[in-house]
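Colleague: I am new to this structure and should like to understand the grounds for each label attached to it. May I put some questions to you?

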Amino acid sequence: MATVDAGQDDGKHPITRQQSIVPAPPASAFGDDDEDYARVTKQQNEAQKKASKTKKDDMSTNFGAATFSKAPKGFEAMQAVIEMERKGSTVENDADSSENSTDQSTDQSDDRESASGRGSGSWQTFARTRFSVKASHGYCCAPLQQPLLEKREKSDHLASLAAWVTLLRIMGDLPEMDYGETFAVAGQTKPVVNLVRENFSKKYSKKDIEDAYKKYSELFRDPTNSEVTNIPFLQDNKESMLEKVQYITALGIYKADLRDELYCQVCRQLTNNPSRNSCIRGWVMLFVFAGSFLPSEKFAPVLLTFLREGPTEHAQRAERLLRRTFMVGTRGQPPSWLEFQAAKNSKPILLPIILMNSHRLLVEADTATTVNELCSQISQRIGLHDRSGFSIYITLGHKIACLGHGLHRVMDAISECEQSTKEQGMRESSSTWRLYFRKEFFTPWYDPGEDAHATDLTYQQIMRGVSVGEYKCDKDEVLVLMAAQKYFIDNGAETDATKIESFLKTWLPKTHMETKELSYWVGKVKTEIENDFLKDKPHKTSLKADIVTFAMNKWYNLFSRFYDSAKVQGPNISWTDVILGINCKGFNILDESENVKVHLSFIEITRVTKGRHTVTISTVQGEDYTATTMHSEDLYTLMTSFQVGLRRRSMYAIAVQDASHFESAIGFGISKGDLIKFDKPYEEYGESDVYTGITVTNGKHGNIPRDLLYILPTNDEPPANIMGMLAVQLRKDAPSIVPPGTAVAANGAEGHTLHNFSKTYFRQSSEKSSVTKLLSKASLKRKDKDVAWKFSKEPLKKALMRRTNLRDDLRKAAIKSFSAIQIYMGEAQNKDNVPDHELLNDNVIDLAMRNKYLRDEIFCQVMKQLTGNPNKLSEERGWQLMWLLLTCTYPQTDLFDELELFLRTNHNVFAKRCLAKLHSTKRNEFR
């Protein structure tokens, strides 16, 4: 879609989402359909009567049937459905023979039973073996006698029952009382997330569950006239359709143990469902769930099989979104109004984006779209080559928030804005959020001459910021120069005083207009243009680049990415509730008043490590700063990207040991601590083992082995004080200075391994069983911990990584994947004769692509089997598997550096190819 120029005033011509994004929802799919409900249940009743005649006495033998035995006129048809549930039977044979069915949805129900009965991954088999009580796997309108899956907590039990009733109401399978249109009062509407959190914070007893069953019994007797209230987790039925969808989705987002239950409930209602409207609603709900939270590894294969066998138009959309959710993970907010409208209409979401040059464009998105993906799409649409430092900002009224450019979901931010609007007593559809694409920070190596389009957008942002007071000029001379530059860029060499005055009225900051007369500024600007621009007549592009360079050096603290930190622990000091800032000059720790407490330049930072919610920064002084923040992943990623980027462009390094015993450096005179200046930037040497450069201390030129060098993250020659502190750390053999693979590579040994990584991330001996501990004390298994990262012919009994062992489904999947790896590498027998491609796709690659924890686990398993493997054929198959994995995905941040070092230091010829594939996949993202 073409870019639209909206003029200088963004508020004058807003893009209304109702007109430009999605049409109104069709009433046939999500309107009132009590008549359709009665008609469908009547058809089921007739079909059941043809199948078998049941005695009336049998109808009062179970919970569900008893509640409907005295139903008023119009609901007798539901008795047949209850009876079907009690007997666990289906009516598909007679339903197919009934030619009178006016619904054409049997195509969407798809005879799922016959197709799904093949193999352990089928929905029917899962229902038969995993459901907590004997129940049909197909369509049912009866209340649940028990949650479909076993629940350990009473709150989960009650939430499952409430979710079932809510789902039936959404799908139109349970009529509800019409309360008419309700109006929200500002300040009295609680966000859906808060309601869910409050329900789970309460303590429940067995009596609460019994009371809930009694209330559900009364509710199902007469759903449209029942006045039953105060059922745990069940809303009061006065909510809109969107609120119901948000609430049931929020249950799955908040509680992982409910996710499989919710998926099972929807799959059950979609199996053999005779109602077209109910089917459509069910597939919409499955689509919403697929974009919101992930199933467990126990149910994921079943769900994927269910989708493959479903109606193409609905199932393919849901499967595609589910696989995208596997990549980005469970979302943080329930779906927004905008998403729900798009889901109902099977349309993409179109997001209006405002650029800093006053242009607007519509960008296609979906529920799983991340900020990084959105930034990439915008950059492609406007022809932006260098998008580093550009981010998405969202505004609502006077509030503004930066969404960054990482893996955060854009729709989560929009959902929060809509909920905030609803709390103020307005509809979600009237929320006036805006999305902006603007420069957030400069990289340390930023060059405004590389991308003229990026420079223009940044220039427009700077000029707007100066005009509204975002960026302040301390001196009048600076403001006059910037005004003259902007006027010259916009109007050329014409110096008419009237035009200059008109320009300054709209651009000059109000604070400066109030302090001095306008004529003063007009004269100053006119003189500046005549003296500096009329003679030389600089190119407009170079002027914009000069302004951007000035802003980068002047307002670098404002061009920063900020993080809230609950605590920062430094050397002999700690701070609480501080702000962390990263910009082109370095890393800052600021107080609440934004006063800088600590500043670290990038050359001072020698190492960055990450914990679960912490990031530790090591310095050349031998000091560590540990920051506790909920944004540890993003902080670590940005810090390491700056460090890596500077090193790739650096021409300076320091020798971490003497080079006298290296043949390539004989006569060069390199000593430990010497400063080396390369002949070209570090990245241009590629995978070469030897670099060329000059030793600054003696001026000698020669070859330097790569593994003897610590590359300095700097664009300029390091100062003497930094070199002195680095020398002190080298004398201590500090691990933050000496590369991990230096000693190994120098001695010609095997290469980098997971030995050190396993000490932190692998399952430790304390997690073994009591019997294993006893055997360990008897020295029978003393070396288990030491060889967990090394080749083994024995199958795994538990997962390698600690976090994979925390969940039973992940632990079993990890054991399964290792068994498949051993079979593929020839270390175990393929008893079932499964083809290699099926073996790897189903048990290794697919698992790695859909779960981030299993992804790291599988990479560790492959690296383990490639470390010290005595069988050359097995090792070759292992490298093939590594290459296949890297074509599809790559590990998380914690393991990425380990894998990169593992590949770089390994002498196998396949390692170099895998290293190139690793960088390629990370650059192009997942498949």
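**Grounds for the labels**

Modeller: Let us begin with helix 10, residues 154-171. Its 18 residues, at 1.5 Å a residue, should span 26 Å, and the end C-alpha atoms are 26 Å apart, so the two values agree. The expected span is 1.5 Å times one less than the number of residues. Helices (H or I, at least four residues) and strands (E, at least two) are DSSP runs, numbered from the N terminus. The model is a predicted one, in which local features need pLDDT of at least 70 and side-chain atom pairs count only at pLDDT 80 or more, while totals for chains, interfaces and linings use all residues. Residues are numbered from 1 along each chain as its sequence is written, and side-chain values use heavy atoms, leaving out hydrogens and water.

Colleague: What makes helix 10 mostly covered?

Modeller: Of its 18 residues, 17 are buried, a word that means under 20% relative accessible area, with exposed over 50% and partly exposed in between (1.4 Å probe, protein chains only). Just after helix 10, glycine 172 takes a positive phi of about 80°.

Colleague: Why is strand 4 called largely enclosed by the rest of the structure?

Modeller: Strand 4 covers residues 390-396, and seven of the seven are buried, so the description follows. Phe390, Ile392, Ile394 and Leu396 point one way, whereas Ser391, Tyr393 and Thr395 point the other way, and all are buried.

Colleague: How do you know that strand 4 pairs with strand 6?

Modeller: Two strands pair if DSSP finds at least two bridges between them. Strand 4 and strand 6 (residues 433-439) have seven bridges in the antiparallel sense, with tyrosine 393 opposite tyrosine 436. Strand 4 also pairs in the antiparallel sense with strand 5 (residues 399-404), over five bridges. Strands 4 and 5 form a hairpin with two residues between them, and glycine 397 in the turn has a positive phi of about 65°.

Colleague: Why is cysteine 141 not bonded to cysteine 140?

Modeller: A disulfide is a pair of cysteine sulfur atoms within 2.5 Å. The closest cysteine sulfur to that of cysteine 141 is in cysteine 140, 6.5 Å away, which is too far for a bond. Cysteine 402 is in no disulfide either, the nearest cysteine sulfur, that of cysteine 375, being 8.9 Å away. The structure holds zero disulfides.

Colleague: Is cysteine 141 buried or exposed, and what of cysteine 402?

Modeller: Cysteine 141, at 1% relative accessibility, counts as buried. Cysteine 402, at 34%, counts as partly exposed.

Colleague: What makes arginine 561 and glutamate 440 a salt bridge?

Modeller: A salt bridge is a side-chain nitrogen of Lys or Arg within 4 Å of a carboxyl oxygen of Asp or Glu. For arginine 561 and glutamate 440 the closest N and O atoms are 2.6 Å apart, and the pair qualifies. The pair links distant parts of the chain, 121 residues apart: arginine 561 lies in strand 7 (residues 561-570), and glutamate 440 in the loop between strand 6 and helix 21 (452-468). Arginine 561 is buried at 3% relative accessible area, as is glutamate 440 at 5%. By this rule the count comes to 34 salt bridges.

Colleague: Which parts does the salt bridge of aspartate 456 and lysine 544 tie together?

Modeller: The closest N and O atoms of aspartate 456 and lysine 544 are 2.6 Å apart. Aspartate 456 lies in helix 21 and lysine 544 in helix 26 (residues 540-554), so the pair ties together parts that are 88 residues apart in sequence.
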